[in-house]
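Student: I'd like a close look at one small part of this model, and at what lies on either side of it in the chain. Could you take me through it slowly?

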Amino acid sequence: MTSRFTNRTGGVSTGAFASLNLGTHVGDDLESVTQNRAIVEKSVGPIQFMTQVHGDRIAIIEGVTDVDPTADALVTGIRGISLAVQVADCIPLLLNSREVVAAVHVGRRGLVNEITRKTISLMREMGAQGISAIIGPAICGSCYEVSQEIFDEVVGLHPFAQSKTPAGTPALDLPAALRSVLSDEGVGIVNKFTCTVESSEHFSYRRDGITGRQAGIISL
């Protein structure tokens, strides 16, 4: 198994997307994004990206295609295929086992619709044993301010998401909630978390609005 998390450095994009933007949907020059993806593929091999929609669809990948499947998790049991999840504050979750790997997009809605549990269940159906999780750079609990309504909805389902900003307003700690889900599932955790809002080396939608996307990438 190989895994990595990209940051915003080392690519060819400019301006708000400088420089290793991997997202084709954010307004960056498509040729630059294609070059950026090729830069990453030089070190990890063919990569399957996905069109993420904050849903709960999981795509099983048997070969890398030019058309990104619409999904919020990718799963494969085939060696030589790298799976990518793109983020700019949501959690890039990589799930690893000797038999199956997955890349999962875990945002607020992904937490609510249980995309993580559903992906773990599918991996186990495919023969995965001894699953471990790698949590990558995402927004931290004190930076993710939300309305009281959203706070109540999420915390009602995931109490460990409860947080607040330095000003005392409602906030969500998605990584804490995700760690609780993974613990419930008996999945060990490797923590590679950094707050994207606080890190100048990462893209952050909450901080910048118009920005690029970094990725978590995993393969067998």
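Where is His54 found?

Tutor: His54 is found in the loop between S2 and S3. Before we go on, bear in mind that this is a predicted model, with residues numbered from 1 along each chain as its sequence is written. Local features need pLDDT of at least 70 and side-chain atom pairs count only at pLDDT 80 or more, while totals for chains, interfaces and linings use all residues, and side-chain values use heavy atoms, with hydrogens and water left out. The S and H labels are DSSP runs numbered from the N terminus: strands (E) have at least two residues, helices (H or I) at least four.

Back to the loop. His54 has a phi near 60°, a positive value in a residue other than glycine. It counts as partly exposed because its relative accessibility is 29%; buried means under 20% relative accessible area and exposed over 50%, with partly exposed in between, using a 1.4 Å probe and protein chains only. There's a parallel case in the loop between H2 and H3, where Glu114 lies. Glu114 has a positive phi of about 60° although it is not a glycine, and it is partly exposed, with a relative accessible area of 25%.

Now take the S2 end of the loop. S2 (47-48) belongs to an open sheet of four strands, in the order S1-S12-S5-S2 with mixed pairing; two strands pair if DSSP finds at least two bridges between them. S1 and S2 stand at the edges with a single partner strand each, so one side of each has no neighbour in the sheet. The partner of S2 is S5, in the parallel sense over two bridges, and Ile47 has Ser82 in S5 as its bridge partner.

Further into that sheet, S5 (residues 82-87) runs antiparallel to S12, with five bridges joining them. S1 (residues 2-5) also pairs with S12 in the antiparallel sense, over four bridges. Look for Ile218 in S12: it is the bridge partner of Leu83 and also of Ser3. S12 (residues 214-219) is largely enclosed by the rest of the structure, because six of its six residues are buried. Gln214, Gly216 and Ile218 point one way from S12, while Ala215, Ile217 and Ser219 point the other way. That fits a general pattern: in a regular strand the side chains alternate between the two faces of the sheet.

The S3 end of the loop takes you to another sheet. Here six strands form an open sheet with mixed pairing, in the order S3-S4-S7-S6-S8-S11. S3 (58-60) and S11 (188-191) are the edge strands, each with a single partner, so one side of each is left without a neighbour in the sheet. On average, neighbouring strands here are turned by 20° against each other, direction ignored; axes are lines fitted to C-alpha atoms, for helices over the stretch in contact, and angles run from 0 to 180 degrees between N-to-C directions. Inside the sheet, S6 (residues 91-96) and S7 (residues 101-106) pair in the antiparallel sense over six bridges, with Pro92 opposite His105 in S7.

Two helices go with this sheet. H3 (residues 115-125) lies across S3, S4 (73-76), S6 and S7, running at about 170° to S7. H5 (residues 174-184) packs on the sheet too, touching S6, S7, S8 (132-135) and S11 (contact means heavy atoms within 4.5 Å), and its direction makes about 20° with that of S6.

What about the nonpolar packing? A nonpolar core is a set of buried Ala, Val, Leu, Ile, Met, Phe, Trp, Tyr and Cys residues joined through side-chain atoms within 4.5 Å. The largest one has 37 residues, and Leu93, Leu95, Val104, Met123, Leu172 and Leu182 touch the most other members. S4, S6, S7, H3, S8, H4 (148-157) and H5 each supply at least two residues of this core, and H5 gives the most, with five. A second, separate core of 16 residues includes Phe5, Ile81, Leu94 and Ala103.

So that's the setting of your loop: His54 is found between S2 and S3, with S2 at the edge of the four-stranded sheet and S3 at the edge of the six-stranded one.
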